[in-house]
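Biologist: Could you take a close look at a single part of this model, the place where the two chains meet, and work outwards from one residue there? I would like one connected account rather than a list.

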Amino acid sequence: MFSKILIKLIDRAITPAILILAMRIVSVVMISKYYGYNLNTGLSGFIFTNKTEYLNVNSYSLLAMVGAILIGISYIIVKSYTFHDSHITPSLTAKLFSMHAAGMIQNSYEIYSQGIVWVSYLYLLLTVSGIMAVYGLVYPLVFYTALVFTVIVTTLFVLDVEKEINIHKPRTEDPNYFDREGE
Amino acid sequence: MKKLSKIVINSGLLMLLFGILVFPMVSVAFVKLGQNKSTVLSAQDTQTTPTATATPAPTAPATEVNNTNEVVSEESSQSSGSTLTPEDQMPSFDDINGSKSGE
């Protein structure tokens, strides 16, 4: 009845959402305190009267959000490159089993469902920072930083998916199978 | 029927997923550039209070001028133009009759 993939994605999306939200609030408070800005809180959120203060806090806070997402994505990328059950090395498998950490080894379904959610957050944040940079609400550097990280992360994920596809390709005994295919 | 309910449930789940994904981005709107109401009010209190009490209400002369049937003066017709009735601006029958009888 229910789509298993959608349920899985919803399940995976809740924790990053809470983390990003918490990071935003905590970073705004901490940056304001660090710079000694007067922090006015109202029903609609944090209100800054000075444009420079607003720009500083907004920009660094968005950078902190990008950082939080990058930490999560780095964890997923390490899992997908090192602890992926399709291409984990035998020695590492033995080590993990001896350390009683066999749960670290995950399949493609687990890893890519997490990866899609985190990458979606990064893309959304890139869009938001781009719009805010256009309207002068954040420094353009924030957008460029998010853009660079997004390109790197996307490339790494695409490479891993390609590797995964190559592993699951049908193999033939003949080593020259692909050379003769076009004849 | 089963297929339709499956489509409805899955589209609802999809919307829920989209809502969860977009929700943290709403937090971007928590930080705003605006005026701090408490400081602005205090500044206004110190600067503009004397002028605010000194200026009288502009509609006061209009009510005083039009009690009689005399010709309306220029000042009253300018200051209270919107409140004057046609009877106030035109001479009454008594004035016309009086001027005719005076002749």
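**The interface, starting from one serine**

Modeller: B:Ser27 counts as buried, because its relative accessibility is 1% and the cut-off for buried is under 20%. This is a predicted model, and what follows should be read with that in mind. B:Ser27 sits in the loop of chain B that runs between helix H1 (2-26) and strand E1 (31-33). Leaving aside residues up to four places away in sequence, the contacts of B:Ser27 are A:Leu21, A:Arg24 and A:Met65, and with these partners the description passes to the contact between the chains.

That contact draws 24 residues from chain B and 35 residues from chain A. Between them, chain B and chain A bury about 2,700 Å², and 78% of this area lies on carbon and sulfur atoms. On the side of chain B, the residues that lose the most area to chain A are B:Met25, B:Val31 and B:Leu33, which together account for 23% of what that side buries. As for polar interactions, the rule finds 0 salt bridges across the interface of chain B and chain A, whereas it does find 7 residue pairs in polar contact, with both residues at pLDDT 80 or more. H1 and E1 of chain B each supply at least two residues of the side that touches chain A, and H1(B) gives the most to that side, with 14 residues. Sorted by class, the side of chain B that touches chain A holds 16 nonpolar, 6 polar and 2 charged residues.

The strand of chain B deserves separate attention. E1(B) pairs with strand E2 (residues 45-48) of chain A in the parallel sense, over 3 bridges. Within this pairing, B:Val31 is the bridge partner of A:Phe46, and B:Leu33 is the bridge partner of A:Phe48; B:Val31 and B:Leu33 were also named above among the residues of chain B that lose the most area to chain A. E2(A) is in turn paired within its own chain, in the antiparallel sense and over 3 bridges, with strand E1 (residues 40-42) of chain A. In that pairing A:Asn40 stands opposite A:Ile47, and E1(A) and E2(A) form a hairpin with 2 residues between them. E2(A) thus takes part in a parallel pairing with E1(B) and in an antiparallel pairing with E1(A).

To place that hairpin in its chain, the secondary structure of chain A comes to 6 helices and 2 strands, in the order α-β-β-α-α-α-α-α along the sequence. Of the 183 residues in chain A, 42% are buried. Among contacts in chain A between residues at least 6 apart in sequence, 69% join residues at least 24 apart.

One further residue in chain A can be set beside the serine with which we began. A:Thr82 is found in helix H2 (residues 51-82) of chain A, and because its relative accessibility is 33%, A:Thr82 counts as partly exposed, whereas B:Ser27, at 1%, counts as buried. Not counting residues up to four places away in sequence, A:Thr82 touches A:Ile88 and A:Leu92. The C-alpha atoms of A:Thr82 and A:Met104 are separated by 9.7 Å, with the two residues 22 residues apart along the chain.

Definitions and conventions. Residues are numbered from 1 along each chain as its sequence is written. Chains are lettered from A and ligands numbered from 1 in the order in which they are written. This is a predicted model: local features need pLDDT of at least 70, side-chain atom pairs count only at pLDDT 80 or more; totals for chains, interfaces and linings use all residues. Side-chain values use heavy atoms; hydrogens and water are left out. Helices (H or I, at least four residues) and strands (E, at least two) are DSSP runs, numbered from the N terminus. Buried means under 20% relative accessible area, exposed over 50%, partly exposed in between (1.4 Å probe, protein chains only). Contact means heavy atoms within 4.5 Å. Buried area is the accessible area (1.4 Å probe) that two parts lose on being put together, summed over both. A salt bridge is a side-chain nitrogen of Lys or Arg within 4 Å of a carboxyl oxygen of Asp or Glu. A polar contact is a pair of N or O atoms within 3.5 Å; within protein, one must be able to donate a hydrogen and the other to accept it, and residues adjacent in sequence count only if both atoms are side-chain atoms. Ala, Val, Leu, Ile, Met, Phe, Trp, Tyr, Cys and Pro count as nonpolar, Asp, Glu, Lys and Arg as charged, and the others, Gly among them, as polar. Two strands pair if DSSP finds at least two bridges between them.
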